[in-house]
Amino acid sequence: MFLGIDIGTTAIKFAVIADGKIKFQQTSPVRTYRDQQICYQRAIELLEVLKVGVQSIPKDMREALETVSFSVAMHSILPWGEGLDDTIYIWSDTQAEQTIATFKQQERASLFYQRTGTPIHAMSPFAKLLYFQQQNRYPNHTHYYGIKELIMHYFTGEFVLDYATASATGLFDLQERQWDAEILAFVGISTQQLAPLVDTTTAFPLKERAAVELKIPVTAKVVIGASDGCLAAYASYIATGIPNSLTIGTSASVRKVTKEPTFDSGKQNFCYYLNETYYVTGAPSNNGGCVLEWASHLYADTPQEFFENLPSALQHSPIGANGLRFEPYINGERAPLWQNEVTGTLKNIRIQHTKNDMIRSVVEGILFNIRTLTEMVHVTEKLSLSGGFFKSEMLRKMTADVLGVDCYLSDYNEPIMGLYYLIYGQQSTAVPIETIASSQEQYEHYTEVFKNYFSK
């Protein structure tokens, strides 16, 4: 039995897999704290949720575990040292917004991007570290870890980090596969303050104390794994044979699995390491399913009512929402704008517009924004889908029509399956895939609306 653990920003997912098939899975929510620009989680709470989750796996499966591995959300930073608390700043923390805006004006910003593949943005540990150093926030001897290092320390006793997660920090030289000395010197820290680096399939022995506490065999090996975005893209690629993928959960991301690193200094796609063979390039958006969740509180008494009535609402408003335009930047935006201060807007509203028009404009705004990302990443053909947004058949079909490409959905397009494929290789067993065909006629209608959708 293989246990994959996916630690996201809203939940930890657990899945037990054998022979390429998911035998057991569950999800446990994790708490995120927000205080103006500060956005963080607690290390102690995260570990507690993880422990309870593993302990609640059926006893026969726990006792049969041979390998445990981890997918984690990118861009986390945990200042670690005597006298410090257990705050983990996550990607949505924007304390470094002004610091990074100033840094962007320097020539070295483009150079650092080209070396690391991490966009110059307040989400990155590089930005947060630069801000902390300028503020003299932490003592000089502070170690800077993240969620992966925390988890590895609990399971193995070692603070260690994989290349994939490191390549999303803005501190990692993608070519040399090591911490970038020039960038660290610029920030004002040393390699000794960061975790040692290893490849994504490196295995470690399980610490006896963790084995006893979790009630799993001490003989189980711990494979370090990778980051959630890279693993979701890889799972999609292996399960469907399609290198292009779109994930819409709380946020959204278009990704492409490639064999060569790809950079665009102007638009700043991300480019992260996966393993010896593959990189994952793409573009992330802050405004995915969270925008629909926000709308569900505005346009219905309960979210459940909103989502039950969503297909009907979309059908009772034509393509283009009778002229309404919704720019979905209610959380600022990463790609293609890389601006935290940008805001959402609802344009062209007139007295004849209905609630259904408003709902359709919100969905179209989300998907047209995704279309700008697919164009940015040069996705022109088949796309595999994953994430909670696609639970709705109507939203799956709209996505295929707005983007103008056939889409494919599988339960195996998830980070934990990416972990399994990364460690065990491709399985010969075929996985079930749903095909969502794009309508050329609908695509042409959406294209007319899209032409000037985001124009000022």
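Reader: Which strand do 3 bridges join to β4, and how do the two run?

Author: This is a predicted model, in which local features need pLDDT of at least 70 and side-chain atom pairs count only at pLDDT 80 or more, while totals for chains, interfaces and linings use all residues. Residues are numbered from 1 along each chain as its sequence is written, and side-chain values use heavy atoms, with hydrogens and water left out. Strands are DSSP runs of E with at least two residues, helices runs of H or I with at least four, numbered from the N terminus, and two strands pair if DSSP finds at least two bridges between them. The 3 bridges from β4 lead, in an antiparallel run, to strand β5 (residues 38-42).

Reader: Which strands stand at the edges of the open sheet with the order β4-β5-β8?

Author: The open sheet has 3 strands with antiparallel pairing. Two of them each have a single partner strand, so one side of each is left without a neighbour in the sheet: β4 (33-35) and β8 (87-89).

Reader: Is T99 buried or exposed?

Author: T99 lies in helix α3 (residues 97-103). Buried means under 20% relative accessible area, exposed over 50% and partly exposed in between, with a 1.4 Å probe and protein chains only. At 11% relative accessibility, T99 therefore counts as buried.

Reader: Which helix gives the most to the largest nonpolar core?

Author: A nonpolar core is a set of buried Ala, Val, Leu, Ile, Met, Phe, Trp, Tyr and Cys residues joined through side-chain atoms within 4.5 Å. The largest has 82 residues. With 10 residues, the helix that gives the most to this core is α13 (residues 355-376).
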